[in-house]
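Visitor: I am in my first year and would like a close look at a single part of this structure, taken slowly. Please begin with that part and then show me the surroundings in which it is set.

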Amino acid sequence: MHLARFPRLFLAHLPTPLERLDRLSAALGGPEIWIKRDDCTGMSTGGNKTRKLEFLMAEAQAEGADVVMTQGATQSNHARQTAAFAAKLGIDCHLLLENRTGSKNPDYNHNGNVLLDHLHGASSETRPGGVDMHAEMEAVAERYRAEGRRVYVIPGGGSNPTGALGYVDCAYELLGQANARGLVIDHLVTATGSAGTQAGLIAGLKAINARIPLLGFGVRAPKPKQEENVYQLALKTAEKLGCPGVVEREDVVADTEYVGEGYGIPREDTIEAIRLFAELEGILLDPVYSGKGAAGLIDYCRKGYFKEGERIVFLHTGGSAALFGYTQSLEADHDVID
């Protein structure tokens with residue numbers, strides 16, 4: 001598919017590395033694990049939203065926007081990266097942040113991504129968990145429009161067909177890297193939340209007949225809802241690409257057994273995954289997305305769902321800035337020598 005037909009900003013650090021995780025693979029004693037380092041995309045510590053925002057912010061520029069708006073949870077990686085893009089382009093940025101976890105911890109509410117949002121010059125408002133954030137965002141956008149501002153509204157996670165183009169491009173990039181080194185990928189896995197990353201990957205992989213199965217480890221919604229959200233967005237993305245019909249319902253698989261108590265609340269296996277990646281490979285995960293995705297990956301290896309000799313690629317969606325909002329959850333049980 002010819003992605004050059006769509007407006008795009010070329011600000012991401014691409015291609016992101018594709019690396020073999022030798023020590024983690026040995027520790028799990030099963031398949032050969034690789035990692036696609038989309039934590040290295042650039043723009044305010046990187047993450048998966050950079051790929052989406054290359055297309056979304058190009059569209060905002062094309063429409064003459066002088067303010068961009070988006071919404072997300074308090075420790076939203078998407079909000080942080082949107083603020084960074086806006087700063088780079090000289091466009092105002094306003095964020096609506098939802099306290100989905102109900103946390104009153106000062107680190108959670110003021111450190112990590114929240115600190116970076118404001119360092120990039122974004123303004124923000126907060127909302128309690130459970131409100132209709134789409135409706136809240138539209139109401140605030142109307143307030144800006146009444147002041148004569150040209151507002152470009154980005155959905156949470158940058159997850160619409162325009163944003164998903166970033167992960168169509170990632171599918172092409174990954175397959176090119178695998179072909180160049182003779183790497184047969186048996187499974188591709190990643191965290192899935194607002195659906196754009198998984199939907200874009202599915203549309204891209206199917207459009208080029210890659211025959212690589214993709215598994216999303218959910219971080220919020222129940223399995224039926226998560227899979228339906230991804231499926232519908234993948235269909236729309238394929239249509240935007242000009243290849244309707246390439247995505248089938250069975251292409252969309254999400255396992256939501258690793259969510260735990262809810263979005264943004266790490267389980268014990270989330271913390272274990274963060275520690276394993278940090279201690280064995282020097283790679284930082286986050287407690288919301290990549291940590292839960294990695295917990296699923298590790299459990300699948302231990303249970304033999306991913307078998308010895310198979311090659312598994314874990315797509316790292318970034319988000320390490322959020323670690324600084326979770327200091328209480330992450331306090332290490334290690335000896336400190338004064």
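Guide: K49 is found in helix 2, which covers residues 49–62, and everything said about it here is read from a predicted model. The UniProt record, in an unreviewed entry, places the feature "modified residue: N6-(pyridoxal phosphate)lysine" at K49. Is K49 buried or exposed? With 7% relative accessibility, K49 counts as buried, because the cut-off for that word is under 20%. If we leave aside residues up to four places away in sequence, K49 touches N77, H78, Q81, G157 and S194.

Two of these contacts, N77 and S194, give us paths into the surroundings. Let us take N77 first, since helix 3 covers residues 77–89 and lies on the way from strand 3 to strand 4. Strand 3, residues 67–73, is mostly covered, with seven of its seven residues buried. Strand 3 pairs with strand 4, residues 92–99, in the parallel sense, and seven bridges hold the pairing; in it, V68 stands opposite C93 of strand 4. Between these two strands the chain passes through helix 3, and the β-α-β crossover made in this way is right-handed. Strand 3 also pairs with strand 6, residues 151–153, again in the parallel sense, here over three bridges, and the partner of V67 in strand 6 is V151. When you follow any of these strands on the screen, it helps to know that in a regular strand the side chains alternate between the two faces of the sheet.

Now let us return to K49 and take the path through S194. A195 is found in the loop between strand 7 and helix 8, and at 4% relative accessibility A195 counts as buried. The backbone deserves a second look here, for A195 has a positive phi of about 95° although it is not a glycine. Most residues other than glycine have a negative phi, and most peptide bonds are trans. Beyond helix 8 there is a second case to set beside A195: R211, in the loop between helix 8 and strand 8, has a positive phi of about 55° and is not a glycine either. The two cases part company in their exposure, for A195 counts as buried, whereas R211, at 73% relative accessibility, counts as exposed. As for peptide bonds, a cis bond joins L14 and P15, with omega about -5°, and P15 lies in the segment before strand 1.

Strand 7, residues 187–192, runs parallel to strand 8, residues 214–218, and five bridges join them; T192 stands opposite G218 in this pairing. Both strands belong to an open sheet of six strands with the order 1-2-10-7-8-9 and mixed pairing. At its edges are strand 1 (18–20) and strand 9 (254–255), each of which pairs on one side only.

This region also leads us to the largest nonpolar core, which has 37 residues, and in which L188 and L201 have the most contacts. Helix 7 (161–180), helix 8 (196–207), helix 9 (223–241) and strand 10 (311–316) each supply at least two of its residues, and the largest share, nine residues, comes from helix 7. L201 shows how such a core is knitted together, for among its contacts, not counting residues up to four places away in sequence, are Y167, V168, L188, L214 and L315. Apart from this core lies another, of 36 residues, among them Y108, V189, A191 and I271.

Finally, let us step back to the whole chain, whose secondary structure comes to 12 helices and 10 strands. The radius of gyration is 19 Å, close to the 20 Å that the globule rule gives for 338 residues, so the chain is as compact as a globular protein of that length. Buried residues make up 58% of the chain, and K49, as we saw, is counted among the buried ones. Of the contacts in the chain with a separation of 6 or more, 80% are between residues 24 or more positions apart. The UniProt record, once more in an unreviewed entry, gives the annotation "domain: Tryptophan synthase beta chain-like PALP" to residues 11–318, and over that stretch the chain is 45% helix and 17% strand.

Terms used: Residues numbered from 1 in each chain as written. Predicted model: local features only at pLDDT ≥ 70, side-chain atom pairs only at ≥ 80, totals over all residues. Heavy atoms only, no water. Core = buried A, V, L, I, M, F, W, Y, C linked by side-chain atoms within 4.5 Å. Buried < 20%, exposed > 50% of the residue type's maximum accessible area, 1.4 Å probe, protein only. Helix = DSSP H or I, 4+ residues; strand = E, 2+ residues; numbered from the N terminus. Contact = heavy atoms within 4.5 Å. Pairing = 2+ DSSP bridges. Right-handed = clockwise from strand over helix to strand, strands pointing away. UniProt positions renumbered as here; feature names shortened; annotations may be inferred. Rg over C-alpha atoms; globule rule 2.2 N^0.38 Å.
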